[in-house]
Every structure is written in C-alpha cells, then in structure tokens.
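Pull up the model and keep it in view while you read. We'll take it chain by chain, then look at where the chains touch.

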Amino acid sequence: MKKISVGASVACLVLAANVYAAEPKDGGAINVVVQPEPPSLMIGMYSNGTTQQVGGNIFEGLLRYDKELNPHPLLAKSWENSEDGKTWTFHLEKDVLWHDGKPFTSADVVFSVDKMLRKTNARLRTSLEFVESISAPDDYTVVFKLNKPFGPFIRLFEVGTMPMYPKHIYAGTDYKINPANQHPIGTGPFKFVEWKKGSYIHLTKNDHYHVSGLPHINDLYWHVIPDAASRAVAFETGKIDVLPGGSVENFDVPRLTELDNTCVTTDGWEFFSPHSLLWLNNRQGPMADKRFRQAVMYAMDREFAKNVLWNGFGKVANGPVGSKTKFYDKSLPNYEYDPAKAKKLLKEMGYDGTPVRLLPMPYGETWQRWAEVVKQNLEEVGIKTKMVSTDVAGWNQKVADWDYDISFTYLYQYGDPALGVSRNYISSNISKGSSWNNVEGYENAQVDKLFAEAAVAFPDSKRQELYSKVQRQLVEDVPVAWLMELEFPTIYNCKVQNLIDSGIGINDAFGTAWIKQ
Amino acid sequence: MNIIKTLSQNKVAMVGFFVLAIFCLIAAFGPLLYDGSPWKMVQRPFLPPFENSNYLLGTDTLGRDVLAGLIYGTRISLLVGLVSTLIALLIGIPLGAYAGYFGGWVDELLMRFTEIFQTVPSFALAIVIVAIFEPSVYSITSAIAIVSWPPVARLVRGEFMSLRSQEYVLAAKLNGQTHRNIIMREILPNSLSPIIVLASLMVATAILLESSLSFLGLGDPEIMSWGYMIGAAKTVVRQAWWLSFIPGLAIALTVLSLNLLGEGLNEALNPKMSGKREN
Amino acid sequence: MNLQTLLYIGGRLIKGVIILLIIAVFNFFLIRAAPGDPAKVMAGEAGATDEVFLQQLREQFGLDQPLYYQLWVYISNLLHFDMGMSYRQNIPVFDLIMDRLPATLLLTGTAFLLSIALGVLAGVIASVNYKKWVDSLITILSLIFYATPLFWLAIMASLFFSVYLGWLPGFGMETVGVELSGWDRVIDIALHLVLPATTLGLFFTAVYARMTRTSMIETSRLDFVKTAIAKGMTPSRVTRKHVLRNALLPVITLAGIQAGQLIGGAVLTETVFAWPGIGRLMFEALFQRDYNLLLGVFFISSAMVVLFNLITDVIYCVVDPRIELSK
Amino acid sequence: MKPLLQVEDLTIRLPKGGDREFAIQKVNYNLMPGEILCVVGESGSGKSMTANAIMGLLPKTIQVDAGTIIFDGVDLASLEERRARELRGNRISMIFQEPMTALNPLMRVADQIGEVFLIHTNMNAKQRDERALALLVDVGLPDPEKMMKAYPHQLSGGQRQRVMIAMALALEPAILIADEPTTALDVTTQAQILKLIKELQEKHNTAVMFITHDFGVVAEIADRVVVMEKGQMVEIGGSDDVLNNPQHEYTKKLIAAVPPLVAPHREALLEVTPVLTVNNLCKTYSTGGGWFSKARVVKAADDVTFTLHRGETLGLVGESGSGKSTVSRCVVRLLDSDSGEILIGEDAIQDLNTAELAPYRKRIQMVFQDPFASLNPRKTIGQIIADGPIAQGMEPAKALAKAAELLDLVELPRAALDRYPHEFSGGQRQRVGIARALAHDPEILVADEAISALDVSVQAQILDLLDTLKVRLNLAILFVVHDLRVAAQVCDRVIVMQKGKVVEMGVTKTVFEAPSHEYTKSLIDSIPGASWRSDLPDHIPQEGQPEKQPAMSSV
C-alpha cells in the first residue's frame, strides 16, 4: 500500500492561499446577494447554482479542492488508494459535530452516499455505478470498493456533488419533504438561522466548527434582490459586500469594478469551468450537415461577444474540454471568425436558406443580447435565423423534447471530462426528456468508445492520450458549436479578505473569509 | 356641434394631435426613408447621442443604431396600441350593446362574464397570457386586448341602457324597426362619442402595457420596440442613461399626446364635460 | 346596519364566491395551457436529470393524474381552503402567500391612501381654480405622471434618491443584519417604503386628480349649489360642504376598482424595488411553472378584488343615503 | 310708500356668440313691500336674469353691463361680494324650479335649514334645530320631527319645495324670489304651494318676486305683473289690467294662447266606429328585488277599460303617477300589459310578437313629449320621417317623396328634409315628430304629453295643427295630458285617472262643469287662475302667427 496523497489541514490550505494577507480578525457580518432565490438549501438534492452557494456553507463534503483541483482534507483528514486503483479508504476527522450537536461518523457517510444521494442526486447516481460497495469498518473509516479504476472518482467528494447528510434526521424518512429541509442541519462553518422568503437568508457562525479558529465571520446574510439594477445599487450603497459571479448583469461589471475599495476576481469557478455552447440539433435540417455546423463556427464573432458581452472575461472555447479542466489538449485547432469561409461552406453544401430557429438562454440580459449577436452573425453569412423567445420552463421543455434547431446552453465540467464532458457527446446519453444530456443527438461509435475507455483508463497518462484523440475528433465534427469558457467575476468589498480559496469559490468561501476592520 | 371645429379650437388637443400625427408618419414611412437595420451592430457600443452624425442618437449595448431602433419601435408600439384597442372594441361594444339593449338575463349573463375578467388583476393576467402563449406581437396584442375590453363593455352597456328608453328609439320601435337596426342605426351612432374618447385613452394604456411587458422581458424578440429598448437598457441605465431615456421619452410623448387628444375629444363631444365613468 | 343590508352583503359574498370558483377553473386551464412541464423545470434547475427523477417529481405533484382529476382535486381542496403545496418550495401555498401578502398590502395600501389624498386634494385645487394657471399646471402634471411608464419612473427614482443622493434605501423592505425593534423598525420600514409607495402612488394620484377635477366641476353646476350660494355662503364653504361630498361619489367607485387591482398590479414596482410582495411571487411562480402557487396568488388577488368591490359598495351606501344596498 | 327694491336701466350682456347681444336690456321696475310681483315670459325671455343678478347667481361669463339694483340704499349690482353675501339668504332669499335637485342629496333636511342660521346668526346647534323644526311646522309639513332627520330623496316634490320655502323664510327676509317654484309640480301640489306662499307672504309681509311662464299662476297670486320678451320689458302693470286688458301685442298673444277653462260645445260624432278598445288593462311595476330584498309593487294600470272612436279625441288626464302614460305605452305595445286586452279594430294585439305586430304598427302611431329627445340627432329630418315606411317595405325614393309631402302637411319647408334636428326649434321638431307618426297613415295617434314641453304660444300652434290633421285625416287621437286647460279645449271626451284607476270618464263639457268624482273636483279646483278667462266663449286661440323659419341655432 502506498499513500497517494496525505491531507494537510485546511488551515494550511488557508495559509497557502494568502500568505501575504494580514492576521485574520474574528467577527463582523457579510452581506451577499443570492440570485435567483434558491428553491431550497438542500445541496445535493437541488443542484441550482444558488442552492450550492448557500448550502455549501452549511453542509460539507469529505474533501475540498483548490484552484488546480487538487483534493484537500475536510471531513476526511486523509485517504489512500490501492495499487489497482479500485479501493479507496477515507479516514474521517474525529469530534466533528452536526449543528444539532450529534457527532458525525462514518455511518453518516455510508447513509448519505449509499442511501440518500443515490436517490436524490441524479448526477452523482451515474458515477456511483462504478462503486461496488461502501463500508464503514469503524466509526471513522469509510471504504469504497469500485468495480473499475474510475479515474475521476477522487473528484466526486466536493460538497455540491457528495454532501454529508445527518443520518439521524433523514434515515427512514421521505427525503424530499423532510421538515429538516426547511431548517438544514450540516457540519459546515455556518448554521441556518432563518429564511425570510423573497427577502433574505440568515446564517450564523458555527461555534463548534471542527476546524479550530474558523469561521471568522459571525453572521452571513444572503439577500434576494430580483432586479439586476437594484442589485448593483445595493452594492454601491454598501448594503451588499459580495456579488457572486453572474449576480449582476455583465454590463454593470466594469462600472462596479471601478468603484474604489472594490475588488474583483474570476477565481473560484475552476471546478465547474462553465463551458458555453450552441446545441445544434444534428437530427434535422441543415444542422445535420457537418459543413453547416462548421459554417456556424466560422460565422460567429466570438471575440466580439467576449469583449462586448463579457467585458473580456473568459476565453473563446475551441473544443469540448475547458482549458482549466483535466486532460485539456492545448494543441487543438481553432475556428477563427471568418464569414467568407462560412459562406463558402454553405455554398458547398448547397444551403437552400431554410430558416433555423435560435433558442436563447432565458438567464437574463447578457444571454439575450448574445443571442441577438449570434442571430446577426448568422444572418450576415446568409443563414436565415428566427429567434424563439421563451422562459426557463419553455426552454427546458423545448430542449428536452429536441424541439429546437440551435440553442444556447452552458455546462459545468466538474474538473474531469468523464464527469462533465462525455455526458454531452456519447450516444448512450441520448434520451428524450432531459435537457442536460446529449440533446444534440450526435452519434459516433468511435467517440463513444474513446470516452468509455478514457474514463476507466489508468493511470492518467493513458487517459490524456485517449482524451486528446476524442477532442480532435469532436472538433472536426462540430456536434455542437462551442462558444466560450465563461468566467464569472466575483465582485466584493475589499474589506472582505481571503474570500475565494477553493475551486468552487463562493460555494464554500465563507468558512475561511474574514473582515479587515 | 361640429366636432372637428370645436377640437381645432382646443390648442392643447391640437398639440397632442400633431405630435401624434408626426409619430404616425414616422411609423408609416420612417423605415422606408431611414435605411439601416435596428439590429445591425454598426458602431462601438454605448456611443453617446450627438457625437457621431451618422448615428445621431448614439448606439446601444451592442453598438446598434438607437435612432433606427426608435423608428422601427414607433411602428410596432403604435400598431400594438391600435390593434389591441380595436380588438378590445370589437369584443366590448357588441357585449355591452346586447347587455344594455336587451337587459334582463342577457344583461345578467354578459355582465357576470365581464365581471370575471374585471376580477382577475389585469396586468397579472396579461403577463400570464403572454408568458403562456410565448411572447410575440400576436400574443402581446391579444393579451392587451383581453385585459382591456371590460371597461368598453361597461361603458357601452351604460350608454345603451340610458339611450334605449330615449323617445327616438321608442319611435323606431313603433316604426317596426328590427332590433339590429335599432342597435346599429339608432343607438350606436349616438353612443359613439364616449367610446371614441375611451378608445383614445385605451391606445395610450395599451402602449404603456406593451412597454411594461417588454420591460419584464416579455417582448417579441424578433421585433424592435420601445419597451424592448428600455428593457434592454435597464441594466445599463447607470452608464448609458440615454438608452432608456430616449425610448422612455418617446412612450411618454405618445401617451401624453393621446391623452391630450382624448381630453380634447371629450370636451368637444360632450360639452357639459360629462365625464362618463364605468360602472 | 339593518338585516336587509346584511342579507345583501351575504348575497354579494355568495355571488363573489361563485365568481371566484369560475375564475379558479378558468385560471386552472389557462395555466395548464402553458408549455413547460413543471417537473422538467425543476429538473432543469437541478442540473443533470433523468426519467426516474422526473417521474418522482410528477408523482409528487400529482401531475401524472389526468387533467380533469387534477382540476377536481384542486377545486375540492380549494373549497376546504387548501391551495395545495408549492411545487418548487415544498411549502403550503397559503403560507407562502400569507408570508408575502402583508408586504404587498403595506406597499399598495400606502400608495393607495397616498394617491387618494394627494389626488383628491390636487383635483379640488384644480377645480377651484378652474381654467386658471394652477388648474392647467395640475392638469399637465397629472397628465405627465399618467403618461410616464411606471417602471421607468421607479428606476429613475431609485437612481436619484438612493444612489446619487443616498437619502433613501433603494431596495428591500427593511435593513437586514441590524436587529431593529419597536419604533426603530417602524421608521426603518417607513423609509424603505417611501420610494416604492411614491412611484406606485404617483400614477394613481394623477388618475384621481383628473377624476376629482372633472367631478367637482360637474357638481358645481348642479342646482343645490345655487341654493347654497343663495343662502349667502362663502365660496369655500360651498365647496367643502356641498360640492366636495357629492363630487367624491364617482371617485369612491373608481377607488374601489383600483384598490382591488392594486394587489396584483404592483409587480413592476415590487420587481424594481425588490419588495417582497405577492406580485413578484406570482411572477416567479409563473416562470417556474409552480402551478399551485400561481393559481393561489391569482385566487387570493381575485378574492381581494371581490372583497374591495363589496367594501366600496358598502362605503358608497354609507356616504350616499340615496343608495340602498338591497338595490 | 317707498319701494323695497328698485331695478333701474338694468342691462346684462350675454357672452359673444349668443343668439342675442343682451340677456336683458334697460329693465326698470320696483318691488313694493308686501306685494307679489310676477315676472312673466317665455323661455329665453330673460325673466330670471334680474333675480340671478340679485342673488349673485349669474354665470362667470355673464356680467351686469349697466344699471342698478337698489336695495336699502345699496346697489346690489355693484356691491362687493362679502357684503352681498350677508344679504343673501338673510334679507333676500330665493327658491328654485326643481325641488328634486335644489336640495343637497347628501345632507339631512335639518342641517340644510340649520345652515342658514349657522351662516347668518350665532345660534348654537340646539337653537338651530328648534328654529328649523318650527319652520317645518310653519310650512305645514307632516310629522316635522321625522322630516328633520329625513334626506331629500325621501320627500315628495311638494314636500321638498316646502323645505325650500322653509329655508328661504328662515330669517324672515324682506324679499323672497321664487323662480318658477311650482312649474315642476302637479296641479294639486301647485295649488297648495301657491297657497302657502301667499299665506306666508301675508303673515310676514314679505315682498315676493315671482317668476313664471304660466298666466294661470299669475292670475292666481300676482298683485302686479312685469312681462318680458327677449330681454325687453314690454309691459308692466296691475295684474287685472295686464291680464284682462293687455296693451302690448306680445302680451296679448301670450294671454290669447292660454286655453280658457271652459270646454267649448262639441258636436257628438255622427257614426261611432271603435278603432281602439281597451278592456281591463292591468300593468304593475315591481322595482328593486335583489336576491334577498323583496320588490315593491306599483299598480300603474288597474283594470282600465275604454274605447276610442274614429275621428274622436279622447283625453287621458291625471297627475304624474296616475298611470296615464303607462296606459298609452301599453296601447302602442311599447310596454307589455300584464292582463286585459287591447283591440285595434277587431283584432287583439296585446299578445302578438314583433313579427305579427308589424302590420298593426302602421295603424297606431305615437307623438312623444320631448321634442329634443324624440328625434335621432344623427339623422336628417328626411331619414327620420322616411325610416318608418322603409322599414315597412316602401322603397326609399318613394318614402322620401312622401316625407316631403308630410312636411307640407305639418307646415314645415321642404328644405328641412336634409337638415338635422338640432337646427330646429322645439315647436318645429314637434311638427317633425307628428310627420313621422303620420308617415304610416295611421288610424290612431297617441299624443303623449305632446305639447307640455312647449311654450304656450307654440302649444297653441301645435294643438291647432293636431286639430286640423284630425279633421283632415279623420284620425282618432288618444291625448295624454296633465294640463286640464288644454284637455278642456281639444278633447271630445276625457278619462280621469288616479293611481292607475279610471275614476271618471265622460264628455269633456260634462266632466268639467259637473265633475262627479271627488278627485276630479279637486283637480279642477286646483287649476291656477280658474276664475280668470273662464267666461270667454268658444274662443279657440288663432292669433298666434306661425313661428319664424328654422333658426340655425338650437333653442
């Protein structure tokens, strides 16, 4: 047996994150915007962005991940993997208490992963198929046995993916309607106080937090402010200290960042590295033709979009895997903005001017504007485009039922192609009714094969090779039109120190943050 | 009582009339005379007004010509306003006429029906309708019409109730005129003036409604409208106030002039300025 | 109040309930006509999903049942004052609404009273100075406020007073984070109330001003005003004692109609000022296809309208002895 | 004795664009203490102008141009507003024509009377109520305590007028101005009010300026008379002189136009062919009646039976609420009767539906009361007249030709054909109304108060016209009327109705000379100036020269 990694303590991680910073001070309250108001704080049950943001400070996973996505200890103080990569053993922190005072043990882990999450977390369910058994030899040890050496397994322990639930509260109940969902109990640095619907969520310091000296903050308020302009106003008037990424319209970002005593960072999204793309419905119309799909790539001025709509944040995507995600291949070719080439391709394929419907993403101004830009781009190379307008509900419906031609979307990559990328291209993942699988209907046996092998290949060098192959193939076929690797700048009052120190940013930020008086 | 004459003597109303006329001309011929699509990105974003002579009113968040947008917007705003009002009248007048003329259970029935539409909060209803049938000029127009016909029905009903017992109507009955004739030729022409007044105000309200809907993001994405422009600019109002100011001004002007005209009509049509009130 | 009056009110209430039920059915179908399956919306929000998950949700919401059955369930629940559970938040709709209703009532109520007071005052002043410059000023002003889009006014107001001047809070209903109680809290809320209430109120102020003016001018031409003058009264007394009271009758009617509409009509204001009211609740429910919640909000606000209409009639008959409620 | 009020060379200018320059011009008269001065004139004669000037009721647009109104040595015309107010309702007070609208509907009677004291005295609430109560007793209102708390709408017209009088006399003014105070009242009520005014006037020795258009009333109460015509004062004098020996042409014409209260002898019809028979007609109205309240029921027609013969004029007289109009409207099937039968010739029409009724519509037609409301303002006279025949299937061209002839018949210029109603005066419109009715060549004409909205001189002309037409076309006329003077002149037989019942029916002369029913008696006794002009024989007014050609402004 050899240890693959031994966890330093979280405290070390903190220090590592800001050696330059002054000595942390305790006390104070931080006001954060939460937009939109989450349906629930039950992270892992609801994977809405804002559920993660708030819930991530109440609940915890076994591990944390830094900005390079390396695992660090949290509820598990150390772990090891067997030679064949099939057995993972985790050693839990002792004397960790739930917010209700009950001790946290391996039983909770087994229950959470094996019982509750299998039922409630659809995304994790697919990954858990590699897990043969979960056992707890003693109160502070948990052993996962895999049927294959599933490469990305070590990245499953982030709080949003695999949060720990208190067994003594959920065991034997209907998880979805358990009253505790309204008053969540976790092990995290903050305890739930109250949720004034439509107004704010109030969390307070967990005095018995298992990491000594943390958290520094006394109170945490998440404000619901539905109107983007008002959110900006709130920040300017000092009512709000932190604007999580995407909570103000991009058009406001430059102005806000120029305000004095205002800090901005794009860190804290590495784990998700949101990848925006256009779903091209490969099944029907011109989109069925590879040349058309390539033409779309050439027709779009993605630099313009990046500069005008995203204030230069982010990076034009040139393939299925984000540059911050593992196994990204730098050597991929890129589709430059080249209308002439697009026109040529269209001519070749003999595009007859059949109009295509463009479905924008109903997530606010920026996306609407972006759709308008793309529409304009496409029309300029002669692709007749009709903008379909719709709300979140309609959008999900249309995409899930494949009732679209071109549709905006963006997908999280969860640090590893096997977790966040393959799901969007493998033919086994074509199933009507979900808006987050291979909805473009791209089928390529070779791609399927490559992804399948890569997921369980061992060690990483082998995986890299396979993933490079599949990336090339996809870039050639253009099953979807990749737009940008999005970066959501987090804007905050500079008095807030050490805000972002993990790969999931805001989602578990406040345990380590502190306020400079 | 020559309406045109009385009206033309009312300066305020005339101002309204001319402003409106100008907007109508823009709506009719603007797009033909002014080339340039309102969607094309022509200049750097956020170009302020009166800086570049080619784009007099500056450019929007994507560098699109605001003036072009304004011109195309005029067309759609007026169109939505007029058409929806027209539809509302087409629903409201017959209903009100029948209810008021026949009275009795017909009245009871029709008025209960109207009451239902008056009970549901109208703006909320409009929002739901548009959202449900997906934002498009059609859904927006019909939604506005659906929420704005009840006042018409009530007004017309009231008029008919008071007019049906007028002696010239009785005379028509004695002449053996058909109900249809009496409604169409005896009563309706005499109840037109308050309807005209109401209609002019309804167009104004409709334009406001349209902009409110677009502001909430329920506009037709294929069409450049004033409401859309404000909605799109609301997030950048801080750094580019003119983007929401200009279309906002356009709306206010149109609505204002419509109201002035309405007031004028009201005074011209019923000199005792008998402010007709619904129910 | 005599028995007949009570009976009348009873009758009106019964009628109201019937109307409300019809509306409930109407809304039920209207909303079901919307594309977008609530299960899918929630699934969508919940990131990756699969059929199993969707099916779970559908069963949970009873969406797997045939439509007529769903309607039946809904209506029968409604008759037991049960509006069902919110799909998205797993909380009884009624609680959610009651959570938000006070805020809305506070906002709209204030705006309402404000607008009546100001509007009537302005209207009276205008009518007293009929065709003088004051009159024209008030008329023009009210026309302008009547013409400016409400949301636009709201944005401008919050920009100016909250950002540039920093006089008033620009969003929310109370300062969060600081625990206030007693008068401090009242004052705090009052401060938050100023901007939304005024912007919402201004529009209606304009409406009432115009209405009152017209009504005053008409009334002042009636015979009994002559009588009053012939008694040798001062013009001001004539206006106060004789013209005003009679002129207010139509205003009351209008006010009644709007009092009802205000409840559901504050969506714009609530959105711009982040006011936690039911207008916004409805808006959110709509986009989340939270059928039960949406229906609930509609039902409540419609009920409000019915209620307010009734109240208006009662007030009307109190003010005007000629009206007997039984008619 | 020195006059209480002196009107000297009073001239009041009308705003530009009026139909004449002055409302009144160079009016001179005095009002003596304790006298009743009647100011008589037709509508638009400016008879109320002086009064309004005194009370400060002139519209802002109309101002006193020249002349003075001297009262106690001060000129009311130029008196500053504040001082004038002290006089109003105190030394000089006024009552108006419309008791229905002259009281504030939202104020209790007591308060409205009390207000007078509140303004002019410093009585406390209690004293005010006591005085108010006393006044209500004075004006002879039943159950005064209850009246105090009553709202105007709970009072009858006569009672309201009494309240007005109480209010006016509250401070025992030197002058009481009464502007047509009885015009809107029924004849019996009118008699009572006139009596009341006279009593009180004598009791308090008040000077009364009584404005009216009705010479009957003048004859009843006037000491002296001023006659106004188009803003000019044409005659002034003691009532006897003016009434029985008028000097000015206009006065003569007016007086001549007043129908004498004696029914002329009329030849009985040679052969009697019933054209309209009404048997046991009943009609009840139920007002109110919501879900829970029960409706109140009014019997508007209670077992009414009569027959109308060809060539005959049958008068249907009674006060408002007597049901005469209801009967007339049932007869033409504008209202559906509850029971009883209505026969035109031999055919019962009460149950026919619209289609079946059509042929009978031609045979029975109606002339309406209000010349302004009875013509569709949006149609030309031609259309109005021709519509009927067209609806009955005559082709338009022919119908229009016929309309032209009818205009001749009613003595209107053919030019009127494509003019609109608002271009004509009341009398002319009524002619059009008649032409419309005749367009069907009916056998029966129902005239529903056809002349009561017109000035006396015009009345006379319309009555003439009807009479001529009756003879020429051998019509049967059912003449619904409240004015017994008129009834006496034009009717062969009269039916007297009260509360829906027929109380008396018979040959006009008999009914008027020897009324058998109490109610009939009281009606006849109530006619103002009954004694005056009761001796002129068979004098049917003829002098009234036809009205001048269509004035281009609506009168």
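What follows is a walk through a predicted model, beginning with chain A.

Let's start with the overall build of chain A. Its secondary structure adds up to 15 helices and 21 strands. Lay a box along the principal axes and the C-alpha atoms of chain A fill roughly 70 × 55 × 45 Å. Is that what you'd expect of a compact globule? What radius of gyration does chain A have? The value is 23 Å, and because a compact globule of 517 residues would have one near 24 Å, chain A agrees with that picture.

There's also an annotation to place on this chain. UniProt, in an unreviewed entry, puts the feature "domain: Solute-binding protein family" at residues 71-424 of chain A. Over that stretch the chain is 28% helix and 21% strand, and the C-alpha atoms at its two ends sit 25 Å apart.

While you're in chain A, look for two cis peptide bonds. One runs from Q35(A) to P36(A), with omega near -5°. You'll find P36(A) in the loop between β1 (29-33) and α2 (49-55) of chain A. Another cis bond joins L214(A) and P215(A), where omega is about -10°. P215(A) also belongs to a loop, between β9 (200-205) and β10 (219-223) of chain A.

Now for the neighbours of chain A. Where it meets chain B, 19 residues of chain A are in contact with 19 residues of chain B. On the chain A side, α6 (228-236), α11 (365-380) and β16 (385-387) each supply at least two residues. Which of the elements gives the most to this side? That's α11(A), with five residues. By class, the chain A side has seven nonpolar, four polar and eight charged residues.

Chain C touches chain A too, with 44 residues of chain C in contact with 40 residues of chain A. Several helices of chain C each bring at least two residues to this side, among them α3 (51-61), α5 (93-128) and α7 (150-164). The top contributor here is α2(C), which gives five residues. Sorted by class, the chain C side comes to 19 nonpolar, 15 polar and 10 charged residues.

Stay with chain C and look inside it. The domain assignment splits out domain 1 (3-79) and domain 2 (98-319), and the C-alpha centres of these two domains of chain C lie 31 Å apart. Between them, 14 residues of domain 1 are in contact with 12 residues of domain 2. On the domain 1 side, α1 (3-32) and α2 (38-45) of chain C are the elements that give two or more residues. The largest share, 10 residues, comes from α1(C). That side divides into 10 nonpolar residues, three polar and one charged.

Over in chain B, find a pair of helices: α3 (residues 66-102) and α8 (residues 179-215). They pack at an angle of about 145°, with their axes 8 Å apart, and the crossing is right-handed. Residues in α3(B) including V80(B), L82(B) and L89(B) meet residues in α8(B) including I183(B), M202(B) and I207(B). The contact of α3(B) with α8(B) divides into 14 nonpolar residues, four polar and one charged.

Last stop: chain D. K230(D) has a positive phi of about 45°, although it is not a glycine. Look for K230(D) in the loop between β9 (224-229) and β10 (232-238) of chain D.

Definitions and conventions: Residues numbered from 1 in each chain as written. Chains lettered and ligands numbered in written order. Predicted model: local features only at pLDDT ≥ 70, side-chain atom pairs only at ≥ 80, totals over all residues. Domains from an automatic or database assignment. Contact = placed C-beta atoms within 7 Å. Helix = DSSP H or I, 4+ residues; strand = E, 2+ residues; numbered from the N terminus. Nonpolar A, V, L, I, M, F, W, Y, C, P; charged D, E, K, R; others polar. UniProt positions renumbered as here; feature names shortened; annotations may be inferred. Axes fitted to C-alpha atoms, helices over the stretch in contact; angles between N-to-C directions. Left-handed = near helix turned anticlockwise from the far one by under 90°. Rg over C-alpha atoms; globule rule 2.2 N^0.38 Å.
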